[in-house]
Amino acid sequence: LGYTQFFRVKKGTFEGGDGMIIDGKVYIGSGTRTSPEAVKEIADYLRIPTYMVEIPKNGKHQEDMEIMHLDTFFMPLTDSKVIGCKDILRRCMIYDFQSGKRENLLEYLERNFEVLDMPPEEQKKYAANMLVVEPGKVIVPSDYNFQTTKTLRDNGAKIRGQGLKEG
């Protein structure tokens, strides 16, 4: 594929759906698939503002899989606008490796971004797992996540992917 590996996690586990870069800051989810040890190791390596999002575990396999990665309930649309399921965002905590501060994720996001809400029933169908091809331009499986698609459109996003089928 022609890529060069520049870092390999040695402690714990990391999966790509848990990593996001927004406006030069790194956000990494820690929960079912990515361990806190891996997030700390990545933060130490990068030496740029890095935040760990603590994803709660429900203890039930299906419910944990519905929030297995950060991108299953949250997605940045631009450097100032994000979409996510507020019901889940308010249950998560965020840890700033630089300051050592830990706080509620939804409160942090609402202070720093415009936060668009996603209905829980659509989040469970992975509505957040969209592809942002450039700021404000997204590819979504919109034929079964009507409210999320409407929210995106109503807030200026350009949508592609109508008619995609689940499965």
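Which residues have the most contacts inside the largest nonpolar core? I will come to that core straight away, with one caution: this is a predicted model.

The largest nonpolar core has 35 residues, and those with the most contacts inside it are Phe73, Phe74 and Leu152. Several elements each supply at least two residues of this core: the strands β1 (19-22), β3 (50-54), β4 (74-76), β5 (81-84) and β8 (114-117), along with the helices α3 (86-89) and α4 (105-112). Helix α4 gives the most, with 4 residues. In soluble globular proteins, nonpolar side chains tend to be buried together.

Take Phe74 as an example. Leaving aside residues up to four places away in sequence, Phe74 touches Met20, Ile22, Val82, Ile83, Gly84, Leu89, Leu109 and Ala128. There is also a second, separate core, of 5 residues, which includes Val26, Ile28, Val39 and Ile42.

Now the chain as a whole. Its secondary structure comes to 6 helices and 11 strands. The radius of gyration is 16 Å, close to the 15 Å that the globule rule gives for 167 residues, so the chain is as compact as a globular protein of that length. Along its principal axes, the C-alpha trace spans about 40 × 40 × 30 Å. Of the 167 residues, 46% are buried. For contacts between residues at least 6 apart in sequence, 55% join residues at least 24 apart.

On the surface, the accessible area comes to about 9,200 Å², and carbon and sulfur atoms hold 50% of that. As for charge, the chain has 24 positive and 25 negative charges, and their mean positions are 2 Å apart.

Next, a few single residues. Is Gln123 buried or exposed? Gln123 sits in helix α5 (residues 120-123). Its relative accessibility is 2%, so Gln123 counts as buried, the cut-off being under 20%. Not counting residues up to four places away in sequence, Gln123 touches Glu66, Ile67, Thr72, Phe73, Cys85, Ile88 and Met118. Phe73 was named earlier, as one of the residues with the most contacts inside the largest core.

Last, the backbone. Asp23, in the loop between β1 and β2 (25-30), has a phi near 50°, a positive value in a residue other than glycine. Tyr126 also has a positive phi, near 60°, and is likewise a residue other than glycine. Tyr126 lies in the loop between α5 and β9 (131-134). With 28% relative accessibility, Tyr126 counts as partly exposed.

That is what I have for today.

Note on methods: Residues numbered from 1 in each chain as written. Predicted model: local features only at pLDDT ≥ 70, side-chain atom pairs only at ≥ 80, totals over all residues. Heavy atoms only, no water. Rg over C-alpha atoms; globule rule 2.2 N^0.38 Å. Buried < 20%, exposed > 50% of the residue type's maximum accessible area, 1.4 Å probe, protein only. Contact = heavy atoms within 4.5 Å. Areas by Shrake-Rupley, 256 points an atom, 1.4 Å probe, with all protein chains shown as cover. Lys, Arg positive; Asp, Glu negative; His and termini not counted. Charge placed at Lys NZ, Arg CZ, Asp CG, Glu CD. Core = buried A, V, L, I, M, F, W, Y, C linked by side-chain atoms within 4.5 Å.
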